[in-house]
Amino acid sequence: MADIIKYRRRGAIFVNNLASAYNVAMIPLCEETHLKVHQLDMLLFLSENPEHSTARDICKCLWLKPGLVSMSVDELVDMGYLVREAVPGDRRKVRLMLTDKAETLTGRVLKLQSEFIDRAKQGLSEKEKDQLEHFFDIIFDNIDQMSH
C-alpha cells in the first residue's frame, strides 16, 4: 500500500510539473496569437483527430469542461481559426472545422511540442530514449486495458 501512495504522490507532482513546464513553453505562441494553451490544444486535437470534430468530443478527449469549450469555440470562430458546419442528418450536431489559418498554427504548435519533448529528454542516450518510448507504450497499453 505504501508503494501505491508513494507512486501516486510522485505521479501527481510529475503531472503538475509537466503541465506547468508545458504551459511555460507555450507562452510565446499564446502571447503572439492571443490564444490560451487549451485553445492551442483544441486546435491541435481537431487537426490530428478529424473523426472527433465536435465540442463534445473535445470535452471528452481533452477533459475540458463544456462551458470552457463552448466559450473557446466561440472565440476561435471569431478569430478565424474554426468554422462550424452542420452535420447532415443530425441538426443538433455541429462539426468544428479548422481554417487554413488554424492549419498553419497547428504546425507551429507541433514544432513547439517536439522541442519541449526533446528538452525533457535531454541527457538521455538514444538507447535510453528508445527504452523510454518502449516503456511508455507498455504502460499506456496497460492503463488503457485497465480503463475498459
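Here are four short exercises with worked solutions on a predicted model, covering its salt bridges and one helix.

**Exercise 1. Find out how arginine 108 and glutamate 32 meet, and where in the chain each one sits.**

Solution. Start with the side chains: those of arginine 108 and glutamate 32 come together in a salt bridge, with 2.7 Å from N to O. That passes the test, since the cut-off is within 4 Å. Next, place the partners: arginine 108 belongs to helix 5 (residues 100-120), while glutamate 32 belongs to helix 1 (residues 2-33). They are 76 residues apart, so this pair links distant parts of the chain. Last, check the surface: arginine 108 is partly exposed at 35% relative accessibility, and glutamate 32 is partly exposed too, at 47%.

**Exercise 2. Work out which parts of the chain lysine 36 and glutamate 75 link, and sort each as buried, partly exposed or exposed.**

Solution. First the contact: lysine 36 and glutamate 75 form a salt bridge, their closest N and O atoms being 3.6 Å apart. Now the location: lysine 36 is in the loop between helix 1 and helix 2 (37-48), and glutamate 75 is in helix 4 (residues 66-78). With their positions 39 residues apart, the pair links distant parts of the chain. For the sorting, recall that buried means under 20% and exposed means over 50%. Lysine 36 has a relative accessible area of 44%, so call it partly exposed. Glutamate 75, with 25%, is partly exposed as well.

**Exercise 3. Explain how the positions of lysine 111 and glutamate 115 fit with their salt bridge.**

Solution. Take the distance to begin with: the closest N and O atoms of lysine 111 and glutamate 115 are 2.6 Å apart. Both residues lie in helix 5, four residues apart, or about one turn of the helix. An α-helix has 3.6 residues a turn, so residues three or four places apart point the same way. As for the surface, lysine 111 is exposed at 53%, whereas glutamate 115 is partly exposed at 38%. Counting every such pair by the same rule gives eight salt bridges.

**Exercise 4. Compare the span of helix 2 with its expected value, then decide how enclosed this helix is.**

Solution. Span first: helix 2 has 12 residues and reaches 16 Å from first C-alpha to last, close to the 16 Å expected at 1.5 Å a residue. Then burial: nine of those 12 residues are buried, so helix 2 is largely enclosed by the rest of the structure. Want to look them up? The buried ones are Val37, His38, Gln39, Leu40, Met42, Leu43, Leu44, Phe45 and Leu46.

How values were computed. Residues numbered from 1 in each chain as written. Predicted model: local features only at pLDDT ≥ 70, side-chain atom pairs only at ≥ 80, totals over all residues. Heavy atoms only, no water. Helix = DSSP H or I, 4+ residues; strand = E, 2+ residues; numbered from the N terminus. Buried < 20%, exposed > 50% of the residue type's maximum accessible area, 1.4 Å probe, protein only. Expected span 1.5 Å × (residues − 1).
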